[in-house]
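Welcome! Please take a look at the sequence and the structure below, and keep both at hand while you work.

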Amino acid sequence: LAEARALALRQIEGSCLNALGVLAGMQNDDVGALRLDQQSLVAYRAAGDRRNEAIAHGNIGAGWTGLGELTLARRELEEGVRLMRANGDRALEVIPLCALSTLALWEGDDAHALVQARAALETAVAVGARDQEAAALCRVGDAELALGRHAAAAQAFASALARATEI
């Protein structure tokens with residue numbers, strides 16, 4: 001990281017910061033991980049790396065979610081989805097859409113949670129991301145359950161299990 005900074009290699013700096021953020025997260029240092037993700041965003045933006053910039057927004061959104069800062073989380077996750085769509089990188093949209101679904105549930109907006117979960121599922125199916133399809137089906141199940149639609153929730157969870165078992 002120090003060498004990348006000294007040589008002004010912003011792309012490599014961003015990658016180092018991202019890796020350090022993952023390690024901080026694995027060590028349950030949520031605040032440290034968030035700070036590193038925020039720094040990686042700056043580096044990727046300076047490097048003109050729009051793909052990793054979008055991912056960094058998603059990582060920051062996940063970090064704020066874990067810390068309970070839901071307004072900041074939503075802003076970052078929505079910006080990540082916006083950039084991913086602008087970049088045409090549909091496969092990356094699924095993770096922040098799932099996170100936005102969870103966020104809506106936490107805020108008591110069960111109907112919007114289902115909208116986000118279905119968008120994540122449709123995207124995962126469209127791009128053939130089977131692992132992400134399983135995750136999105138779990139979010140659909142969570143939202144259906146919150147809406148009191150037990151049969152639909154059970155079907156979504158069963159489909160998620162079937163997809164995960166196939167993988």
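Here are three exercises, each with a worked solution.

This is a predicted model, in which local features need pLDDT of at least 70, side-chain atom pairs count only at pLDDT 80 or more, and totals for chains, interfaces and linings use all residues. Residues are numbered from 1 along each chain as its sequence is written, and side-chain values use heavy atoms, with hydrogens and water left out.

**Exercise 1.** Decide whether Gly48 is buried or exposed.

*Solution.* Start with the place: Gly48 sits in the loop between α3 and α4. Next, recall the cut-offs: buried means under 20% relative accessible area, exposed over 50%, and partly exposed in between, with a 1.4 Å probe and protein chains only. Gly48 has 53% relative accessibility, so Gly48 counts as exposed.

**Exercise 2.** Decide whether Met84 is buried or exposed, and find which residues Met84 touches.

*Solution.* First, locate Met84 in helix α5; helices are DSSP runs (H or I, at least four residues), numbered from the N terminus. Its relative accessible area is 3%, so Met84 is buried. Then look for contacts (heavy atoms within 4.5 Å). Leaving out residues up to four places away in sequence, Met84 touches Ala54, Ile55, Asp89, Leu92, Glu93 and Pro96.

**Exercise 3.** Work out the distance between the C-alpha atoms of Met84 and Ala56, then do likewise for Gly48 and Ile60.

*Solution.* Met84 and Ala56 are 28 residues apart along the chain, and their C-alpha atoms are separated by 11 Å. Gly48 and Ile60 are 12 residues apart along the chain, with 18 Å between their C-alpha atoms.

How values were computed: Helices (H or I, at least four residues) and strands (E, at least two) are DSSP runs, numbered from the N terminus.
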